[in-house]
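Okay, thanks for coming, everyone. Let me put the structure up and we'll walk through it together.

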Amino acid sequence: MKVTRRDLLIGSAGAVAGLALTPVPWKLLNDVSIWTQNFPWIPQPAYGPVETKYSACTLCESGCGIRVRMAEKFPVGVAGVRSHPLTKGALCPLAFAAHQLNWHPRRLREVRHAGRAASWAEAQAAFQKACGEGPIAIVDGRPGRAVSSVFEAFTRKHNGSYQAVLSAESQALAPYADWSGVPVASLGYDLENARTIVSFGAPVLDGWGTPGRFTQLWSERAAGAADPQLRLIQIEPSLSRSAARAWRWVRVREGIEAQLAAGLARVLLEERLVTQPGPMPRLSLAEAAAQTGLAPEAIRDLSHTMMENRPVVVIAADGNPAIAALNVLLGAVATPGGIVRKRGEVQPHVPDDPVPESIRAMLVDSTVPWEFAAQANAEVFRFAAWDGGGDRAGWLLPAPGFLEELTDVPTSPTSALPTYAVAQNLVALPIGVQSAAQFLVKIDPTMPAVEKVIHARCGEIFRSRQGSVYGEHPIAATKVDSAQHLEEQLRKGAVWMGEPPSPGKFRCELKEWPMENRVAPATSWATAWVPPVFPALATKLYQESNLREPPAERRG
Amino acid sequence: MTGRRNLLIFGIGMGLAIVTGWTAFPRALYVRREQPLEFHHKTHSEKSGLTQCDSCHVLGSDGEFGGIPGLVTCAGCHAEKVGTSKSEATLVDGYIKPSRETPWLVYSRQPANVWFSHAIHTRRAGLACKDCHGTMGESDQPRIYEQNRISGYSRDIWGHSISRLGRAPHDGMTMSDCEDCHRRRNVEVGCLGCHK
């Protein structure tokens, strides 16, 4: 029998039809789809022994307790720590996925100068030259850390200026610091004892302060209750997440916070709802009503509601002095449930260094938000772990990413208690990456090492014999054998927490009612900038995730 | 006559494809690899009295699963050679003495984008180890590890039956298997329940 071309085609057609009756096409489709998920260029953590490490998160200044799951010395998962005294197991969505950040496509891994690849030696030579030619400035995004001491020491020795960029939460406390002389870092909110919280646009349920602290309070004392123990009044133009969940949402026009505060103060003073004497705002109730878009009765009603359930504290979204003045009037300063002063010595956050008129070079630490742009005509040495886009610096220097650097975590800005934690470098530093402190120590080897500063601070805490250490089992600081033992505990993820604040330790006096919507002209170009509450890198994850739901609601 | 001939040729082509697809394809799809050592679960349970899986595959009080025991556990008994087998010599000389972890080929290894909590499944749901791992704990010789040439996963993930018809409940660890089991037990889990 002769096999023709036609026979081959018919046989092939039969084979194709037959294949459809076998697992070949379906299994191949399945396997190929899996293969596409595992392209060789997608970074995969090494497979190996799994261990759990405890540390403090360094993504922002809140310093939440984190439990890191490590596989073959690589972090593969991050979760909260339930026993942490401040965060109680809560984390922001960004922290839950923080172990992925080191693999982010925008991770910086090489020195760049004017958009071109350069070397560390060139950067060091350029900075050294700048130090010799004129005054330099070092900008720190999280003052009070051990590395901040290195920055301060360097600027002192090299005739420079140390400057700090304050977070929105710290800026909101700045007016009280101005009026009382107490440093911003020593102030905090005693939210646990408050019964009414009036938020002027502060995203209290949406990333404000330490994640978990207020959401936990809110879920325990307010969520779902018609007459809750803790009343949250949110004053905001739009229905934000905080506004949607608040006990009462007061819708106002954009940017009229100072006018509303003045209107409320006028009602409080005229109707003698407060015992504290205070300067009368110049704005009348009718004027305040006209400017805010609220009826005079609504402002009056809001004033009465605020006073119904005391202690009441007002929280501003930024350093608006008119809102801060409302707290002074309400007697919410230096009292339980209000603005309190932390016990013990706290590193001051606002440095006294004057800003030189002309700066030759400026070193910007990686903790300073990417959006920060100093108003100075200087050569910029910008440390960053991730490239935020745009041309922002002459020198772009790759800094350590998440868990790649040993650092300490001082007290979170909104906390009423002093805390101290140490974030260990759980991951080896990638080649070609170094921190600003390492950079400065290479230029001037007489600078103190971060390890030594941390060691000294642990010694100070040990000698104070105050507070407790929250590790595997919380123990009083008096029961810790030695400073070395304390440091070991902190390096293993424990957190030291000081004593609760004692009321009545400071005083704010108002000579006249402040009317500016923002902080009075800033003393430095660094503090004039208002940073965003949430990093832009997290936006997508933040919008798509439900992880930020408070614990009580997740259980329900 | 021509029509019948064409039908025959079509049938032959079809038959050949079916036979090849069901017999040769599964063999060609998987590459067979041997474990680095001959480990006998049965011998270990009989001789050392370690009858419970969690004697070696430790599940910590905090829910952390230890997985395959590390070299330290093996060295507890095998610091020196116990017996004269080739595997014993490899274990002691090749891994324990130079402190090199044994590169076991894990039959049930899941992709990196999945996390699985043994604690939740055994402690909360009350599943037995064999519900997913079958009779692995009673094996008296190591099975050949079959690795999918395309996906790189173990054959145990898809299951030994290429058609997945008539397979035992523990034969297969795909996402569909997890979903089926959850559906049967009326346990709902979202994407982030398993996927990182």
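Quick word on terms before the first number: the domain bounds I'll use come from an automatic or database domain assignment. And keep in mind that this is a predicted model.

So, chain A. The assignment gives domain 1 (5-37), domain 2 (112-166 + 350-497) and domain 3 (169-346). Taken over C-alpha atoms, the centres of domain 2 and domain 3 of chain A are 33 Å apart. Their contact draws on 13 residues from domain 2 of chain A and 17 residues from domain 3 of chain A. On the domain 2 side, that's 6 nonpolar, 7 polar and no charged residues.

Next, a sheet in chain A. It's open, with 4 strands in the order β11-β10-β9-β12, and the pairing is parallel. β11 (248-251) and β12 (312-316) of chain A sit at the edges with a single partner strand each, so one side of each has no neighbour in the sheet. From one strand to the next, the twist averages 15°. If you zoom in on β9 and β10 of chain A, they pair over 5 bridges, and I197(A) has L232(A) as its bridge partner. Helix α13 (residues 321-330) of chain A lies across β9 and β12, at about 170° to β12(A).

Last stop, chain B. Helices α3 (residues 71-78) and α4 (residues 86-96) of chain B pack at about 130°, axes 11 Å apart. That angle is why we call α3(B) and α4(B) oblique, and their crossing is left-handed. Among the residues meeting there are L71(B) and C74(B) from α3(B), and L91(B) and V92(B) from α4(B). The whole contact splits into 7 nonpolar, 1 polar and no charged.

Note on methods: Residues numbered from 1 in each chain as written. Chains lettered and ligands numbered in written order. Predicted model: local features only at pLDDT ≥ 70, side-chain atom pairs only at ≥ 80, totals over all residues. Axes fitted to C-alpha atoms, helices over the stretch in contact; angles between N-to-C directions. Helix = DSSP H or I, 4+ residues; strand = E, 2+ residues; numbered from the N terminus. Parallel < 35°, antiparallel > 145°, perpendicular 65-115°, else oblique. Left-handed = near helix turned anticlockwise from the far one by under 90°. Contact = placed C-beta atoms within 7 Å. Nonpolar A, V, L, I, M, F, W, Y, C, P; charged D, E, K, R; others polar. Pairing = 2+ DSSP bridges.
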